[in-house]
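Subject: A structure to look through, with notes

Dear colleague,

I am passing on a structure that I would like you to open and turn around on your screen before you read further. My notes come after it, and you may wish to keep both side by side.

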Amino acid sequence: MTSPLAGRLAGVLTGLLRRAAVFALVLLLMALLPRLLPGDALDVMLDSDVQRDLLDSERARLRAQLGLDGSLAAQMWGDLSRLLRGDLGYSPLHGAPVADLLTEALPWTALLIGLALPIFLGLGIGLGIEAGRQPGGALDRGLTTAMSLLASVPPFVTAIALMLCFSILWPILPSGGAEPLFAPCTPLARALEVLRHAILPAFALALHEVVRYFFVLRGAAAALSGRAFVVNARGRGVSGWRERHAYFGRNLIPVICARLGQSVATLFTASLFVEVVFSYPGVGLLTYQAVLDRDYALLQGAIAVLAALVLGLNWGFDALTDLLVRREAGNARR
C-alpha cells in the first residue's frame, strides 16, 4: 500500500514532469513560429533608403553571421542549442545582448503587474463577494450586467479609453512612457513620476482581469451563501465586515490562490497590448518590436524568459493552494 508521503512525492514529481514537458513544447514552438513569419529577416533588417546594396557574397556572410543560413531545421537546432546553453543571443538591431535588453525591460513589466495585482484582487474579490452574498438581488444583477459588458471589451480598447479620458479629455495623467523626458533630480520625485506614468497602464491591466475574478468569486460566494454555517451566522445577527471577512473571505482563499497563477499569466499576455498603447518600455513593447523587426533572437529570448516565469509562478501558486487546502482539511477534521 502506498504511503501518504510517497503519494505526495509522486504527485509533485508528476507536476514537475508535466511542466517540463510544457516548457519543452514552448521552446520548440518558440524556435519554429518566429521563422514562419512572412518576409525575409535580412531584407527587413536592411530595409532603408540610405542602405547601400550589398554584394551577394556580403549578404551570404551577413546571413551566416545572423544564423539565417541553412535549412529551417538547422536554424531551429541552432536556436534551441543556444537557449539550452543559457545563451539568449545577441540583437543586431539593438546592438546589445538579449539578456541585457530583457534585464532592462522586465522591471517595468513587473512594476505594472505588481500594481495591477492589488487593484484587480481588491475589486474582483470585493465585488464578487458583494454580488454572491445575495444571489439574484438587485446588486447582483447590476454588477453581473456591468461585468458582462466589461468582459466584451479587449484590453487594448480599455487602454485607449483610459488614455482618452485621463490623458486627453481630462489631462491629469501622462499618456505614455515610463518617465518624463527630463527626469527629476531627487529619487523621491523620480519615483513619484514613475508611479504617475504607471497608473493608467496598471489600471488597464487590472480591468482586464477584474471580470474573471468577479465571476469566479461571485459563483463561489453564492454557493457559500446557502451553506448552513452562513445561514446560522446570519440568524445570530452576524453581518457587515465580520460576515464578509470571516465567513466569505477566509473560505474563499483557496479559490483566490488557485486563480492567481492563471491571472498572472494572463497579465503577462495583456501587457503586450497595454504597453504598445502606452509606449511603455516593458517586455511587451520589446516583444512587439521584435516581431516587426524579425529579430528572432530577441523574440525567442523574451518568450523563453516569460514562459519560465509563468510556469514557475504557476507551480508556486499551485503549491500554495495545495498547502491551504490541506490546512483547511486538517482544521475541519479537528
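What follows is a description of the chain as a whole, then of some of its helices and the places where they meet.

Please keep in mind from the start that this is a predicted model. The chain holds 13 helices and 2 strands, and of its 334 residues, 38% are buried. When contacts are counted between residues at least 6 apart in sequence, 75% of them join residues that are at least 24 apart.

Let me begin with helix H5, which runs over residues 98-133 and so has 36 residues by the program's count. From its first C-alpha to its last, H5 reaches 50 Å, which is close to the 52 Å expected at 1.5 Å a residue. There is nevertheless a kink of about 30 degrees at Ala-105 in H5, and the proline Pro-107 comes shortly after that position.

Helix H8, covering residues 187-225, gives another picture. Whereas a straight helix of 39 residues would span 57 Å at 1.5 Å a residue, H8 spans only 49 Å between its end C-alpha atoms. Where does H8 bend, and by about how many degrees? The bend is at Ile-199 and amounts to about 35 degrees, with the proline Pro-201 following within four residues.

Two other helices pack against H5, and I will take them in turn. The axes of H5 and helix H12, which is made of residues 283-293, are 7 Å apart and form an angle of about 130 degrees, and this makes H5 oblique to H12. On the H5 side the contact is made by Leu-101, Leu-102, Ala-105, Leu-106 and Thr-109, and on the H12 side by Val-283, Gly-284 and Leu-286. Sorted by class, this contact has 6 nonpolar and 2 polar residues, with no charged residues. You will notice that Ala-105, where the kink of H5 lies, is among the residues that touch H12. Within H12, the residues Val-283, Gly-284, Leu-285, Leu-286, Thr-287 and Ala-290 are buried.

The axes of H5 and helix H10, residues 240-249, come within 11 Å and cross at roughly 90 degrees, and the two helices are therefore roughly perpendicular to each other. Here the contact is made by Ile-129, Glu-130 and Arg-133 of H5 together with Glu-243, Arg-244, Phe-248 and Gly-249 of H10. By class, the contact of H5 with H10 has 2 nonpolar, 1 polar and 4 charged residues.

Ser-225, in helix H8, is worth a look in this region. Is Ser-225 buried or exposed? Its relative accessibility is 11%, so Ser-225 counts as buried. Apart from its neighbours within four places in sequence, Ser-225 is in contact with Gly-132, Arg-133, Pro-135, Val-230, Val-231, Arg-234 and Phe-248. Two of these names, Arg-133 and Phe-248, also appear in the contact between H5 and H10.

Next, consider helix H11, which holds Ala-258 and covers residues 253-278. With a relative accessibility of 45%, Ala-258 counts as partly exposed. The C-alpha atoms of Ala-258 and Phe-317 are separated by 6.6 Å, although the two residues are 59 apart along the chain. Val-274 also lies in H11, but Val-274 is buried, with a relative accessible area of 1%. Its C-alpha atom is 7.0 Å from that of Leu-205, which is 69 residues away along the chain. Leaving aside neighbours within four places in sequence, Val-274 is in contact with Pro-201, Ala-204 and Leu-205, and Pro-201 is the proline that follows the bend in H8.

Finally, there are backbone angles to check. Most residues other than glycine have a negative phi. Ser-279, in the loop between H11 and H12, has a positive phi of about 50 degrees although it is not a glycine. At 45% relative accessibility, Ser-279 counts as partly exposed. Just after H12, Arg-294 likewise takes a positive phi, of about 55 degrees.

With best wishes

Methods
Residues numbered from 1 in each chain as written. Predicted model: local features only at pLDDT ≥ 70, side-chain atom pairs only at ≥ 80, totals over all residues. Heavy atoms only, no water. Expected span 1.5 Å × (residues − 1). Bend = angle between axes of the 7 residues up to and from the residue. Axes fitted to C-alpha atoms, helices over the stretch in contact; angles between N-to-C directions. Parallel < 35°, antiparallel > 145°, perpendicular 65-115°, else oblique. Contact = heavy atoms within 4.5 Å. Nonpolar A, V, L, I, M, F, W, Y, C, P; charged D, E, K, R; others polar. Buried < 20%, exposed > 50% of the residue type's maximum accessible area, 1.4 Å probe, protein only.
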